[in-house]
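Dear colleague,

Please find below the structure I promised to pass on, together with its sequence. My notes on the helix packing follow.

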Amino acid sequence: MRSILNLLKHYMETCPFDTGDPDCKTVLDQLYRAYQESHESDPPDIRNGFKELDALLGHLPLDDNNAVFNLCCRLCTAYEQKAFLDGLHYGAQLMMELKEK
């Protein structure tokens with residue numbers, strides 16, 4: 001088993017991973033991109049939340065409306081990505097802990 005790991009390590013060192021996409025530098029980045037693309041439509045509670053946000057923002061001037069809406073979307077996306085990556089890390093940690101027992 002150790003020789004397989006050594007061979008794999010040598011291969012990874014001599015053939016670096018290239019995603020071909022500057023926005024996806026790692027396998028985790030690619031997994032997150034695939035996750036995003038497979039969940040393109042929002043569930044009803046999120047759609048309803050955006051409708052409520054839109055109604056609240058409707059009283060603001062267009063530039064302020066756009067600024068707040070875009071900030072909200074950026075924060076949601078950042079939180080979604082963090083939660084996705086944290087979930088993978090927790091899963092990997094769990095597998096390592098179970099392997100030790």
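In this predicted model, helix H2 meets helix H4 through Leu28, Asp29, Leu31, Tyr32, Tyr35 and Gln36, which face Thr77, Glu80, Gln81, Phe84, Leu85, Leu88 and His89 of H4. By class, the residues of this contact comprise 7 nonpolar, 4 polar and 2 charged. The axes of H2 and H4 lie 11 Å apart and form an angle of about 120°; the two helices are therefore oblique to each other. The crossing of H2 with H4 is right-handed.

Two further points concern H2 itself. The helix covers residues 27–38, and its 12 residues should span 16 Å at 1.5 Å a residue, which agrees with the 16 Å between its end C-alpha atoms. At the N-terminal end of H2, Thr26 acts as a cap, with a side-chain oxygen 3.4 Å from the backbone nitrogen of Leu28. Leu28 is also among the H2 residues that meet H4.

H4, which runs over residues 62–100, also packs against H3 (residues 44–57), at an angle of about 155° and with 10 Å between the axes. Because angles over 145 degrees count as roughly antiparallel, H3 is described as roughly antiparallel to H4. Here too the crossing is right-handed. H3 contributes Phe50, Leu53 and Leu57 to the contact, while H4 contributes Asn65, Val68, Phe69, Cys72 and Cys73. Of the residues in the contact of H3 with H4, 7 are nonpolar, 1 is polar and none is charged.

With kind regards

Methods: Residues are numbered from 1 along each chain as its sequence is written. This is a predicted model: local features need pLDDT of at least 70, side-chain atom pairs count only at pLDDT 80 or more; totals for chains, interfaces and linings use all residues. Side-chain values use heavy atoms; hydrogens and water are left out. Axes are lines fitted to C-alpha atoms, for helices over the stretch in contact, and angles run from 0 to 180 degrees between N-to-C directions. Helices (H or I, at least four residues) and strands (E, at least two) are DSSP runs, numbered from the N terminus. Angles under 35 degrees count as roughly parallel, over 145 as roughly antiparallel, 65 to 115 as roughly perpendicular and the rest as oblique. A crossing is left-handed if the near helix is turned anticlockwise from the far one by less than a right angle, and right-handed if clockwise. Contact means heavy atoms within 4.5 Å. Ala, Val, Leu, Ile, Met, Phe, Trp, Tyr, Cys and Pro count as nonpolar, Asp, Glu, Lys and Arg as charged, and the others, Gly among them, as polar. The expected span of a helix is 1.5 Å times one less than its number of residues. A polar contact is a pair of N or O atoms within 3.5 Å; within protein, one must be able to donate a hydrogen and the other to accept it, and residues adjacent in sequence count only if both atoms are side-chain atoms.
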